[in-house]
Amino acid sequence: MRETPGRLLRLLSLLQMHRDWSGTELAERLSVTTRTIRRDVDRLRELGYPVHAAMGPVGGYRLGAGAELPPLLLDDDEAVAVAVGLHGATSGGVAGLEEASLRALNKLEQVLPSRLRHRVEAFDAASLALPVRGPVVEAAVLTAVSAAIRAAETLRFDYVSHDRTESRRDVEPHRLVSWGRRWYLVGWDTGRAAWRTFRADRLTLRTPNGPRFTHREPPDGDLTAYLTRTMGRELWPYRARLRVAAPAEEIRGRVDGDVTPIDDRSCRLELASDSFDLIAFVVSTLDVPFTVESPPELVERLRTLSARYADAVTPG
């Protein structure tokens, strides 16, 4: 009888691996009979754990979702991982989750064994989570977009671009992406017949959703590769193309931009940023001659900055 609570915890840990277990497999893992497994499953159900059972040769036991949240069983590494994740969420970019994450973290730390609490407290003392500056996305927006992705329903929303241009979009949502502490929606823009990426905090959903659709293959056949190629430049409002008087291998790796060889002594550098001032600073750190190919606004900004620097060193 004294072994029953410990066996129930081990059984629950196996069921939480989110797979089907046959009664024979569970009995072998726990060194008991299949009859004992059936009794233990009934005990877990009485405690509120929705354990589903399927009969037949391919049947088995699986832990499902219930109407209420029963206690969770976490091993040491899982408990620390949850605590660290909640700590980061307290300063995240989703409105409304900070307070809930802090409440959950406080509850978890109260029940952690001392050996684990020391690990979490050491992380808290050694780390600093800077608050997110600028707009944050509402949790309701993320959940609504997620539901539309799962139901394959077209999203209808108003969108404000980086230059404050307003537009109305009908988009077949594909995935939500967390990038650089912001959330983005990747989807097929039906009005433009092209893949587009949208800042989640800049869209205002319209209801109801549009017609259902069949999910397309991801852009470029690989969403990760597509985002790696496009997120670095396409989402920044200021872009520049320059001809640099240095070999491509000398420039590549020194700045975060696309470097294309022109000849043995020069290359083309494409940069993107949130200001022309930052582009000017980055290029100046290369300490090599360069020529601006585009845009004209960068040329004007460089002229203004060069005049300001010249005045700063003019005698008198």
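The legends below describe close-up views of a predicted model.

**View 1. Surroundings of Glu-172 in strand 6.** Strand 6 spans residues 166–179 and contains Glu-172. Glu-172 has a relative accessibility of 12% and therefore counts as buried, the cut-off for that class being under 20%. Leaving aside residues up to four places away in sequence, Glu-172 is in contact with Thr-154, Gly-187, Trp-188, Thr-190, Phe-213 and Arg-216.

**View 2. Open antiparallel sheet of four strands.** The strand order is 11-12-10-13. Strand 11 (258–263) and strand 13 (290–294) are the edge strands; each has a single partner strand, so one side of each lacks a neighbour in the sheet. On average, neighbouring strands of this sheet are turned by 25° against each other, direction ignored.

**View 3. Pairing of strand 11 with strand 12.** Five bridges link strand 11 to strand 12 (residues 266–273) in the antiparallel sense. Within this pairing, Ser-266 of strand 12 stands opposite Asp-263.

**View 4. Helix 11 across strand 10 and strand 13.** Helix 11 covers residues 296–313 and lies across strand 10 (238–244) and strand 13. The angle between helix 11 and strand 13 is about 140°.

**View 5. Packing of helix 4 against helix 5.** The axes of helix 4 (residues 76–89) and helix 5 (residues 97–111) are 8 Å apart, at an angle of about 150°. Helix 4 is therefore roughly antiparallel to helix 5. Their crossing is left-handed. Helix 4 contributes Ala-79, Val-82, Ala-83, Leu-86, His-87 and Ala-89 to the contact, and helix 5 contributes Leu-97, Glu-98, Ser-101, Ala-104, Leu-105 and Leu-108. By class, this contact has nine nonpolar, two polar and one charged residues.

Methods:
Residues numbered from 1 in each chain as written. Predicted model: local features only at pLDDT ≥ 70, side-chain atom pairs only at ≥ 80, totals over all residues. Heavy atoms only, no water. Helix = DSSP H or I, 4+ residues; strand = E, 2+ residues; numbered from the N terminus. Buried < 20%, exposed > 50% of the residue type's maximum accessible area, 1.4 Å probe, protein only. Contact = heavy atoms within 4.5 Å. Pairing = 2+ DSSP bridges. Axes fitted to C-alpha atoms, helices over the stretch in contact; angles between N-to-C directions. Parallel < 35°, antiparallel > 145°, perpendicular 65-115°, else oblique. Left-handed = near helix turned anticlockwise from the far one by under 90°. Nonpolar A, V, L, I, M, F, W, Y, C, P; charged D, E, K, R; others polar.
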